[in-house]
Amino acid sequence: MTAADTNQFHHVVINHERQYSVWPADNATPAGWTPVGFTSTLDECVAYVDRVWSDMRPHSLQGPGASGSFGTESG
């Protein structure tokens, strides 16, 4: 990763298992992933993911009744 990578804009994306990733904004969003509406520098996107993604397990493994936000920050 170069300094240019950290200064360019990125999108936070999420998949059907509610797993997050950070993707360069100037690249097409990969199949199976959806932007959550947060775009910023790489560092800010990583900080966003750190705040909203507390359970790293795929959603299907979190058990019945699992709750969580899908692409939104909740407090």
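The protein contains two helices and three strands, as seen in a predicted model. Read from the N terminus, its elements follow the order α-β-β-β-α. The chain has 75 residues, of which 24% count as buried. About 4,800 Å² of the protein is exposed, and carbon and sulfur atoms supply 54% of that area. Among contacts with a sequence separation of 6 or more, 48% come from residues 24 or more positions apart.

## The sheet and the helix across it

The three strands make up an open sheet in the order β2-β1-β3, and their pairing is antiparallel. Strands β2 (20-24) and β3 (33-41) are the edge strands, each pairing on one side only. On average, neighbouring strands of the sheet are turned by 30 degrees against each other, direction ignored.

Strand β1 spans residues 9-15 and runs antiparallel to β3, to which six bridges join it. One example of a bridge partner is Pro-35 in β3, which is matched with Val-13.

Helix α2, formed by residues 42-52, lies across β1, β2 and β3. Its direction is at about 125 degrees to β3.

## Aromatic pairs

The whole structure holds two aromatic pairs. In one of them, Tyr-20 and Trp-53 are tilted, with 5.7 Å from centre to centre and 50 degrees between the planes. This pair links distant parts of the chain, since Tyr-20 belongs to strand β2 and Trp-53 to the segment after α2, 33 residues apart. Both partners fall under the 20% limit for burial: Tyr-20 is buried because its relative accessible area is 7%, and Trp-53 counts as buried because its value is 16%.

The pair of Phe-38 and Tyr-48 is stacked, because the ring centres are 4.5 Å apart and the planes stand at 15 degrees. Phe-38 is in strand β3 and Tyr-48 is in helix α2, so this pair ties together parts that are ten residues apart in sequence. With a relative accessible area of 22%, Phe-38 is partly exposed, whereas Tyr-48 counts as buried at 6%.

## Polar residues of strand β1

His-10 is found in strand β1, and so is Asn-15. His-10 is buried, with 5% relative accessible area. Its side chain reaches the backbone oxygen of Gln-8 at 3.0 Å.

Asn-15 is likewise buried, with a relative accessible area of 9%. A polar atom of the Asn-15 side chain lies 2.9 Å from the backbone nitrogen of Glu-17. The side chain of Asn-15 also makes a polar contact with the side chain of Gln-19, at 3.0 Å.

## Accessibility of the residues discussed

The table gathers the relative accessible areas given above.

| Residue | Relative accessible area | Class |
|---|---|---|
| His-10 | 5% | buried |
| Asn-15 | 9% | buried |
| Tyr-20 | 7% | buried |
| Phe-38 | 22% | partly exposed |
| Tyr-48 | 6% | buried |
| Trp-53 | 16% | buried |

Helix α2 and strand β3 thus appear in two ways: the helix lies across the sheet strands, β3 among them, and the stacked rings of Phe-38 and Tyr-48 tie the strand to the helix.

Technical notes: Residues are numbered from 1 along each chain as its sequence is written. This is a predicted model: local features need pLDDT of at least 70, side-chain atom pairs count only at pLDDT 80 or more; totals for chains, interfaces and linings use all residues. Side-chain values use heavy atoms; hydrogens and water are left out. Two strands pair if DSSP finds at least two bridges between them. Helices (H or I, at least four residues) and strands (E, at least two) are DSSP runs, numbered from the N terminus. Axes are lines fitted to C-alpha atoms, for helices over the stretch in contact, and angles run from 0 to 180 degrees between N-to-C directions. Contact means heavy atoms within 4.5 Å. Buried means under 20% relative accessible area, exposed over 50%, partly exposed in between (1.4 Å probe, protein chains only). A polar contact is a pair of N or O atoms within 3.5 Å; within protein, one must be able to donate a hydrogen and the other to accept it, and residues adjacent in sequence count only if both atoms are side-chain atoms. Rings of Phe, Tyr and Trp (its six-membered ring) pair if their centres lie within 6.5 Å; planes under 30 degrees apart count as stacked, over 60 as edge-to-face and the rest as tilted. Accessible areas come from the Shrake-Rupley method with a 1.4 Å probe; for residues, only the protein chains shown count as cover.
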